[in-house]
Amino acid sequence: ARSEAVARGGLRSTDDSESGWGAVSCERARAEYKAAARWLGGDHVADILNGLRYLQRLTEPLKGDDAKAAGAAIAPLLEHADDNVVAHAMFTCVSTGVCKDELEKKTQAWLKDDKPFRRAAALLTAGKAGYKKTSDRAIELLKDESWFVQSAALDCLLHLRPGGCTAEVLEFAKERQSGRLFAEAIALLVDLTGQDHGDLLDKWEEWLKANEKFESQKRKLDSLRGVPYQHLKHKTAANFYGLEIDSDNVWFALDRSVSMVNAVSREPDRVDFPARKADILKRRPEVGRMIREGFLPRFYVAAAELSAALDGMNQDAKVGLTLFNHEQLEHEQISNDIKSRRDMVNWMLSTDIQGGTDIKAALLKIIDAGNADTIVLLSDGEPMSLSILEMIARENAVRRLNIMVVSIHKDLFNRHYLDALATRQHGKCVDAEPSD
């Protein structure tokens, strides 16, 4: 029934717009071409993306008249002026099985393009489409300057599984030693070989030398994003509200709306509470007037948590910070040396708590910049909706930043959406203030 309503009028004319967004982004029923046709024939980019995203849910190619109609509608989109539309058209060609010649031509062109977004989209397409001849180019792009192109190259190799790529993947891991891309390289080695030596790179080297002619195992993973590995040698010391941050290229997005003035009643139970409180008051004495019954406001607890997280990260890690309410305040990305990270926390403490909340705008700006491979979000999750989840998903389909969430929700409704955001973007969600 929901798909029929969407087919009749699209999102704007359905009685329940959230039902429409649900049909596009998370409905598990089989997608039907007639439900996408109205969108694909529109002029608005948002409508076109609705149709493309809807068809990406297909589990098998279209056939007969639907395939012909879809091919006629999607082929022009491969030459659209908006790169995001073209990328999603490429992904949709794979799921629908249409425009095979046009898709391969576009993929090969974009693999050589100067824009990192296009190279990443082409790699993801080549992997899903099974273009074996692009394996060498994927290996070359492991040395790309853009982290999200490198990540897409690893995912491409996951699907293509060329013989002999393990040496380059191991070398890639050696150059990084830690962080998200290191984790993805280890996950690829595990999936290809069926072995699991975790982060013990010398053990991987020994096994690969002793088994030079091994046959790649059957693929188990659909993506390398967010796949954990065994920390046998190193463990991350970076911790934010109990959330382990296993990335060396992080962007924090922290809520500074009026809800952040509320006190954190559990904070005094911490053994290190006096030291944390003293540090905040030393940096910004006027916070003292906001303390009630000895409790620090949420925003200043977040500053203390940020300081501790930065102290636990590698000094050569890259860190950015956005403070958001209905607008965004952005601190430039820094190298995590002692002076830079202290200056970043002091900058946070120099701002005020005010205004409403616009999570979507804050996240979309960070995703569009593509400077970090992981976002750490702290918010109460209000407002959130299926439409916001879908907008974030479609904008993040190529750059693929992982999103980790710390929830300070007021009710389970908002906690549900924050958990869905983290799960769909290959992260985790934890509670800042767990209930008893």
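Let me begin with a definition: a residue is called buried when its relative accessible area is under 20%, exposed when over 50%, and partly exposed in between, using a 1.4 Å probe and protein chains only. What I am showing is a predicted model, in which local features need pLDDT of at least 70 and side-chain atom pairs count only at pLDDT 80 or more, while totals for chains, interfaces and linings use all residues. Residues are numbered from 1 along each chain as its sequence is written, and side-chain values use heavy atoms, with hydrogens and water left out.

My topic today is salt bridges, meaning a side-chain nitrogen of Lys or Arg within 4 Å of a carboxyl oxygen of Asp or Glu. The count comes to 23 salt bridges.

I turn to helix α12, residues 180-193, where helices are DSSP runs of H or I with at least four residues, strands are E runs of at least two, and numbering starts from the N terminus. Here Glu184 and Arg180 lie four residues apart, about one turn of the helix. Their side chains meet in a salt bridge at 2.7 Å, N to O, and both residues are buried.

Next, Arg341 pairs with Asp311, with 2.9 Å between the closest N and O atoms. Arg341 belongs to helix α16 (338-349) and Asp311 to helix α15 (298-312), so this salt bridge ties together parts that are 30 residues apart in sequence. Arg341 is buried at 10% relative accessible area, whereas Asp311 is partly exposed at 48%.

Finally, which residues are linked in a network of salt bridges? They are Asp83, Asp113, Lys115 and Arg118.
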